[in-house]
Amino acid sequence: MEQRAEDDFTIETMKVKDLDEVMEVEHHCFKTPWSRYSFMCELTDNQFAHYIIARHNGKIVGYAGMWIILDEAHVTNIGVLPEYRGKGVGETLMRSLMALAKTEGANKMTLEVRKSNYIAQNLYSKLGFEPIGIRRGYYIDDGEDAVIMWKDSL
């Protein structure tokens with residue numbers, strides 16, 4: 001999977017060789033980042049996992065992942081380097097995940113997002129996701145609640 005995105009971003013399937021750069025993005029995005037081992041297991045051992053990266057001028061500037069189980073896709077994570085936020089990278093990654101999920105047989109998609117992350121919630125709403133509930137204390141680093149969002153039709 002490689003496709004051209006807006007502003008000279010390319011979207012590609014994440015590979016093991018990308019993990020050094022993906023870890024750099026991960027550490028810039030999250031208080032409690034996933035380990036390299038977690039990503040490695042997702043890429044090599046998890047038959048349900050699908051991960052993509054966004055490149056700009058050869059550099060990985062964002063990534064996104066999901067699990068597809070039967071007809072449902074569950075977004076596991078999405079991260080964009082701070083200096084590339086607000087430039088369409090996150091939206092391009094999400095649209096690419098949605099298209100990939102549909103191609104792989106999913107017809108609906110879900111995700112959790114921090115209750116305080118209004119920017120992400122607005123993006124997901126723009127893409128047709130609707131809030132349907134709260135997971136209390138979902139984030140282990142600070143106990144923040146997560147908003148559960150669903151898109152019922154890909």
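These are my notebook entries on the core, the salt bridges and a surface patch of this structure, which is a predicted model.

**Entry 1. Nonpolar core**

I looked first at the largest nonpolar core, which comprises 43 residues. I noted L93, M94, M109, Y124 and F129 as the members with the most contacts inside this core. Helix α3, spanning residues 89-103, supplies the largest share of the core, namely seven residues.

I then asked which residues L93 is in contact with once its neighbours within four places in sequence are left aside. I found I11, then I52, I53 and A54, then G62, Y63 and A64, and finally I78, G79 and V80.

**Entry 2. Salt bridges at R114**

I obtained a count of 14 salt bridges. I followed those formed by R114 with the loop between β7 and β8.

- I examined D141 and R114, whose closest N and O atoms are 2.8 Å apart in their salt bridge. D141 sits in the loop between β7 (130-135) and β8 (146-151) and R114 in strand β6 (residues 108-114), so this salt bridge ties together parts 27 residues apart in sequence.
- I examined D142 next; this residue also forms a salt bridge with R114, with 3.1 Å between the closest N and O atoms. Here too the pair links distant parts of the chain, D142 in the loop between β7 and β8 and R114 in strand β6, 28 residues apart.
- I examined E144 last and found a salt bridge with R114 in which the closest N and O atoms are 2.9 Å apart. This pair links strand β6, which holds R114, to the loop between β7 and β8, which holds E144, across 30 residues. Through shared partners, salt bridges join K31, R114, D141, D142 and E144 into one network.

**Entry 3. Burial within the network**

Which of these residues are buried, and which are partly exposed? I recorded R114 as buried because its relative accessible area is 18%, below the 20% limit. E144 is likewise buried. D141 has a relative accessibility of 29% and therefore counts as partly exposed. D142 is also partly exposed, at 38%.

**Entry 4. Surface patch**

I turned to the surface and noted a nonpolar patch formed by F48, W67, I69 and L70. Together these four residues have about 410 Å² of accessible area. I placed I69 in strand β4, which covers residues 59-69. I classed I69 as partly exposed because its relative accessibility is 40%, whereas exposed would require over 50%.

Note on methods: Residues are numbered from 1 along each chain as its sequence is written. This is a predicted model: local features need pLDDT of at least 70, side-chain atom pairs count only at pLDDT 80 or more; totals for chains, interfaces and linings use all residues. Side-chain values use heavy atoms; hydrogens and water are left out. Patches are made of residues with over 30% relative accessible area and no salt bridge: like charges are joined within 9 Å, nonpolar side chains (Val, Leu, Ile, Met, Phe, Trp, Tyr) within 5 Å. Accessible areas come from the Shrake-Rupley method with a 1.4 Å probe; for residues, only the protein chains shown count as cover. A salt bridge is a side-chain nitrogen of Lys or Arg within 4 Å of a carboxyl oxygen of Asp or Glu. Helices (H or I, at least four residues) and strands (E, at least two) are DSSP runs, numbered from the N terminus. Buried means under 20% relative accessible area, exposed over 50%, partly exposed in between (1.4 Å probe, protein chains only). A nonpolar core is a set of buried Ala, Val, Leu, Ile, Met, Phe, Trp, Tyr and Cys residues joined through side-chain atoms within 4.5 Å. Contact means heavy atoms within 4.5 Å.
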